[in-house]
Amino acid sequence: MYSFWMAFSPYLVLICSAGAALGIMWGAMPGLSTTMAMALLVGLSYGMATDVAIIFMLGVFTGSVFGGAISATLINIPGTPDAVPTQLAGFPLAKKGQGGLVLGTSITASMIGNWVGILLLVSSVPFAIDIALKFASWEVGLLALWGVAISGTLTVREAPLKGWISGWLGLLIALVGREGIHGYERFTFGNRELLLGVPYIPVLIGLFGLTEIFDAISEPSPYVISQKVGRVLPPFRLIVRYWKSIIRSSFVGLLTGVIPGCGANVATFVSYGVGERFTKKRFSKGDLEGVVCSEVANNANIGGALLPSLVLGIPGSAPTAAFIAALSLHGIILGPTIEHEQPGLLYFVYGGLIIANVAMYVSAFALIKPSVKLFSLPRQILLPVVALLCVVGSFAEKLAMFDIYLMFGFGLFGYIMRKTGFPIGPMVLGVILGNMMDENLRRAMLVFRGQTIWQVLSRPVGTTLIIIVILTFISGLYRKKRKVGV
Amino acid sequence: MDDHIDKQDSKKDAVAEIDFISSIILIVFSLGIILWSLKMPRPGGWSSAPGLIPLFLSTCTFFMGLALLFSSIRNKGFSQLITKCRGFSFSQSISSTKAKRSLWIILLTAFYMFVLLGRVPFELASFIYLASTLYVFWRKGGLLKIILISTLLPFITSALFRVLFVVFMPGESVFDWLLSYLR
């Protein structure tokens with residue numbers, strides 16, 4: 001327990017707060033993802049003492065996961081890919097002048113998600129890992145497929161076909177490049193820049209950022225976000241009213257975090273989708289419960305993703321992979337023997353997560369008013385400036401001009417999609433999950449070689465997922481038919 | 001009430017026309033991918049073939065395209081499109097304020113990203129982009145404000161990313177020179 005309290009020393013609290021504030025600002029910038037922040041910190045943390053490096057990284061991790069919600073809510077451009085559902089549910093409310101309340105609810109939901117993530121991390125180590133280990137290639141591939149199918153149904157409820165087409169095109173785009181099993185080049189047209197695939201950060205920035213810039217500026221009188229911040233702290237009874245969504249989203253976030261390879265993107269989309277089904281509401285018209293579903297899952301995912309990272313040495317998500325790398329630079333190898341080789345480290349991380357959560361909460365509330373004021377500037381001034389950030393965000397990951405050109409191409413494509421009624425969200429998710437789905441499903445096919453269909457269907461998790469995917473399609477078609485009938 | 005119904009009908013017609021064109025593009029595109037996937041090598045048989053998932057996805061896309069096509073034909077998308085094509089005038093279609101504004105912002109952004117960035121320092125390229133965009137879309141701000149914003153913001157962005165976040169800018173940056181000088 002001494003290690004646990006060590007994290008609460010004033011110096012480390014200060015470091016953690018600085019990390020959280022920096023993370024929030026980073027996450028709020030379009031395209032600057034949590035993964036990128038953590039990856040950049042791997043090198044920077046080498047010069048720090050081990051405890052400082054861990055605390056600082058946890059602060060940045062927690063802060064940047066929330067930060068994406070700021071720009072998603074106020075300028076309709078998600079700072080990070082996992083903030084897309086928050087954008088869908090929060091931006092319509094911000095347009096009605098409730099930006100402050102949406103952000104306040106996001107922060108509170110994030111904090112609750114973090115707490116649940118921490119508590120479940122501490123209490124459910126053996127149980128959660130047992131479930132996660134049931135997810136082999138087949139199940140992970142199906143989970144990715146479900147993520148895209150559900151996002152397609154959710155974003156255009158009365159025309160799910162367009163949502164699915166968008167998601168499927170995203171999956172196809174993700175298949176560009178050298179594939180991971182045989183090393184064969186697919187759809188690269190001889191372009192060397194495409195060998196490593198289509199990077200999802202420029203795609204995300206193009207589809208959301210540039211599309212929004214083109215669309216909003218082309219309006220003779222663009223929409224305005226009210227400067228009035230209004231009530232920021234959500235009423236206590238509002239949070240109490242959403243207790244079911246909070247519990248459900250926490251489990252979704254934790255479980256998707258525990259499954260290796262499924263990051264916060266899957267968590268937020270699945271939680272948002274499941275939330276809509278349970279509440280029978282349409283969050284995309286603007287709904288605080290949608291924001292709660294997305295943000296709780298997003299943040300509970302942190303604890304979930306840290307679980308396999310700390311106990312098995314297998315990263316639950318890309319940012320935790322960077323966390324593992326940073327720790328290995330300090331000579332700490334995570335894995336099943338962590339309690340023996342690094343006694344007290346787990347408790348120190350628990351303490352660090354608590355500090356990071358509180359620091360995120362305080363810093364985020366302090367940043368609401370300036371954020372609303374900044375993002376309520378006339379769109380004609382704000383959006384060209386955002387274009388600069390889009391450029392930097394696209395360029396930062398690989399330092400390649402090609403990524404900027406790609407971002408422009410996808411911006412134009414997104415603009416056409418928006419004008420033709422195709423939703424953008426499913427395409428982004430498709431691009432993010434495409435490779436994961438491709439490699440896992442093909443790997444599963446190799447494993448299943450020689451097995452009968454009944455042997456494949458005897459896997460309970462996989463079969464449950466197949467049924468869920470089929471039900472998602474059927475319910476989408478049924479809803480469309482009912483709408484047409486009406 | 002009638003006016004509202006007319007508006008809804010015309011919107012539905014416009015969507016059906018667009019859906020008709022989109023579905024044709026989708027069908028052709030997915031057929032292309034199906035053929036391409038079938039031509040891909042299968043070193044370990046179909047189960048791990050690089051073309052397996054593209055084939056599955058493009059076949060699904062093909063059927064989704066067909067469904068979209070039938071739905072648009074059912075909503076008179078094809079006949080509406082033919083009627084519209086007969087009375088189509090390019091000059092008229094780009095004469096609306098919205099179309100002009102769209103064209104301006106797309107062209108200015110393309111010029112910034114394809115011509116300026118990487119060829120001139122980031123701050124100068126961004127100054128030109130911001131000044132021209134603000135001049136076109138925010139003329140009421142006045143020339144002085146436009147120049148002030150366009151000069152300051154690229155430097156602030158550059159300083160924030162290059163110095164604080166240690167992220168490089170596309171093309172050279174004033175801060176690259178400054179940092180190398182300080183070292």
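What share of the 183 residues in chain B is buried? In this predicted model, buried residues make up 28% of chain B.

**Chain B on its own**

Chain B contains eight helices and zero strands. Its pattern along the sequence is therefore written with the helix symbol throughout, α-α-α-α-α-α-α-α, where helices are DSSP runs of at least four residues. The domain assignment divides the chain into domain 1 (2-88) and domain 2 (97-182). The C-alpha centres of these two domains of chain B are 39 Å apart.

The overall dimensions of chain B are listed below.

| Property of chain B | Value |
|---|---|
| Radius of gyration | 25 Å |
| Radius of gyration of a compact globule of 183 residues | near 16 Å |
| Box filled by the C-alpha atoms, along the principal axes | roughly 65 × 60 × 30 Å |

Among contacts in chain B with a separation of 6 or more, 61% join residues that are 24 or more positions apart.

**Where chain B meets chain A**

The contact between the chains takes 49 residues from chain B and 46 residues from chain A. On the side of chain B that touches chain A, the elements giving two or more residues are α1 (2-39), α2 (52-74), α5 (97-116), α6 (122-137) and α7 (143-164) of chain B. Sorted by class, this side of chain B has 35 nonpolar, twelve polar and two charged residues.

**The largest nonpolar core**

In soluble globular proteins, nonpolar side chains tend to be buried together. The largest nonpolar core in this model has 185 residues, and A:Cys16, A:Met57, A:Val386 and A:Val428 touch the most other members. Helix α5 (residues 84-123) of chain A gives the largest share of this core, 17 residues. Chain B takes part too: the core draws at least three residues from each of its domains, domain 1 (2-88) and domain 2 (97-182).

Which residues does A:Val428 contact, leaving aside its neighbours within four places in sequence? They are A:Pro81, A:Val84, A:Gly170, A:Val203, A:Leu204 and A:Leu207.

**A buried helix in chain A**

Helix α8 of chain A covers residues 160-174, which is 15 residues. From its first C-alpha to its last, the helix reaches 21 Å, close to the 21 Å expected at 1.5 Å a residue. Why is α8(A) described as largely enclosed by the rest of the structure? The reason is that 15 of its 15 residues are buried. A residue counts as buried if 20 or more other C-beta atoms lie within 10 Å of its own.

Technical notes. Residues are numbered from 1 along each chain as its sequence is written. Chains are lettered from A and ligands numbered from 1 in the order in which they are written. This is a predicted model: local features need pLDDT of at least 70, side-chain atom pairs count only at pLDDT 80 or more; totals for chains, interfaces and linings use all residues. Two residues are in contact if their C-beta atoms, placed from the backbone, lie within 7 Å. Ala, Val, Leu, Ile, Met, Phe, Trp, Tyr, Cys and Pro count as nonpolar, Asp, Glu, Lys and Arg as charged, and the others, Gly among them, as polar. The expected span of a helix is 1.5 Å times one less than its number of residues. A residue is buried if 20 or more other C-beta atoms lie within 10 Å of its own, exposed if 12 or fewer, and partly exposed in between; C-beta atoms are placed from the backbone. The radius of gyration is taken over C-alpha atoms; the globule rule is 2.2 Å times the number of residues to the power 0.38. Domain bounds come from an automatic or database domain assignment. A nonpolar core is a set of buried Ala, Val, Leu, Ile, Met, Phe, Trp, Tyr and Cys residues joined through C-beta atoms within 7 Å.
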